[in-house]
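Reader: I have a protein model open on my screen and would like to learn how to read it. Could you walk me through it with me?

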Amino acid sequence: MQETAHENAFGFAHLWAAGDTVSHTVAIVLALMSMASWYLILAKTWDWFRARRAARAVAAFWSASSVGEGLQRLREAGDDSPYAQLAAQANGCNNDCEAATGRLASRFDPAEQMERALRQQLSGTQAGMENGLTLLATTGATAPFVGLFGTVWGIYHALVAIGISGQAALEKVAGPVGEALIMTAAGLAVALPAVFAYNTFTRANRVILADLDAFAHDLHAFFTVGKPFAANSAQIHPMRARAATEAA
């Protein structure tokens, strides 16, 4: 019975009950930061897997007998596939850009209109892929300091308890110090996954954007010259080459 009471005295419930408004606020802020980070981590991971699946459909696009059939094959990998959106933008510009008159954009050369449309689509795709990364970076940079603030506040409570009692008895300082150490560990536990995820997704986005840029160059060449660039596919599309190797 005494051992059970000792465990409860240093459990999370006791620490929460012994904390004040400031310590509770720090704990809630860390919990919210952790939930937001893990939501973004899971969402970005799912987006990455969908992008890899969409990349495998590009080969089917170029093997199609018509642009419409190629677009349909790209959309089969996902209606929101960035490759399908890029190809649809290029095809739409090829059909409509030259016919548009009375606008500033119509004064561009047809090839420049195509390049402008593809560049705008790539910019929008990049903005969507980078959405949420700022929160991950902010969480990774600030969570340790939020936990450190909780640590400082807990040590302050320990010092106040010592001053009131007039003696550094273990029962007077163990609770506040334990609360302080838990805040430090919680801050690190929130920050580390966010930092790792930010670095991982930054590199993943860079690889996807490089592949999309190469696909955009192929589309530009196809619609303005009549055929895609003749080059080493593994060099232009490293992501698709790797995906084809894994599928084999």
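**Reading the model together**

Author: Let us begin with one pair: the side chains of Gln121 and Gln85 are joined by a polar contact of 3.4 Å. A polar contact is a pair of N or O atoms within 3.5 Å; within protein, one must be able to donate a hydrogen and the other to accept it, and residues adjacent in sequence count only if both atoms are side-chain atoms. This is a predicted model, where local features need pLDDT of at least 70, side-chain atom pairs count only at pLDDT 80 or more, and totals for chains, interfaces and linings use all residues. Residues are numbered from 1 along each chain as its sequence is written, and side-chain values use heavy atoms, with hydrogens and water left out.

Reader: Which helix holds Gln121, and is Gln121 buried or exposed?

Author: Buried means under 20% relative accessible area, exposed over 50%, and partly exposed in between (1.4 Å probe, protein chains only). Gln121 is found in helix α7 and has a relative accessible area of 16%, so it counts as buried. A contact means heavy atoms within 4.5 Å. Leaving aside neighbours within four places in sequence, Gln121 is in contact with Gln85, Leu86 and Gln89.

Reader: What is the pLDDT of the protein chain on average?

Author: pLDDT is the predictor's confidence in each residue, from 0 to 100. The protein chain averages 78, and 71% of the residues score at least 70. Among its elements, helix α3 (residues 21-56) has the highest mean pLDDT, at 90, and helix α10 (residues 233-236) the lowest, at 46. Over residues 1-8 the pLDDT is below 50, and this stretch has one contact in the model beyond near neighbours in sequence. Residues 228-238 also stay under 50, with 16 contacts beyond four places in sequence. Where pLDDT is low, the predicted coordinates should not be read in detail.

Reader: How many helices and strands does the protein chain have?

Author: Helices (H or I, at least four residues) and strands (E, at least two) are DSSP runs, numbered from the N terminus. The protein chain has 11 helices and zero strands. Of its 248 residues, 35% are buried. Among contacts between residues at least 6 apart in sequence, 74% join residues at least 24 apart.

Reader: Where can I see residues that are far apart in sequence come together?

Author: Try Gly150, whose place is in helix α8 (residues 133-165). Gly150 and Val26 are 124 residues apart in sequence, yet their C-alpha atoms are 6.2 Å apart in space. Not counting residues up to four places away in sequence, Gly150 touches Val26, Ala180 and Met183. Its relative accessibility is 4%, so Gly150 is buried.

Reader: What does Gly187 contact?

Author: Leaving aside neighbours within four places in sequence, Gly187 is in contact with Leu30, Ala143, Pro144 and Gly147. Gly187 sits in helix α9, and because its relative accessible area is 0%, it counts as buried. From Gly187 to Ser34 the C-alpha distance is 9.3 Å, with their places 153 residues apart in sequence.

Reader: Is Ser37 buried or exposed?

Author: Ser37 is buried, with a relative accessible area of 2%. This residue lies in helix α3. Not counting residues up to four places away in sequence, Ser37 touches Leu136, Thr139 and Ala194.

Reader: How many residues line the largest pocket?

Author: The idea comes first: on a 1 Å grid over the protein atoms alone, a pocket is an open set of points where a 1.4 Å probe fits, with protein on both sides within 12 Å along at least five of seven lines, and lining residues have an atom within 4 Å of a point. Here 24 residues line the largest pocket, and Asp47, Arg50, Pro82, Gly128 and Met129 lie nearest its centre. α3 gives the most to this lining, with 10 residues.

Reader: Which kinds of residue make up the lining of the largest pocket?

Author: Ala, Val, Leu, Ile, Met, Phe, Trp, Tyr, Cys and Pro count as nonpolar, Asp, Glu, Lys and Arg as charged, and the others, Gly among them, as polar. The lining divides into 12 nonpolar, seven polar and five charged residues.
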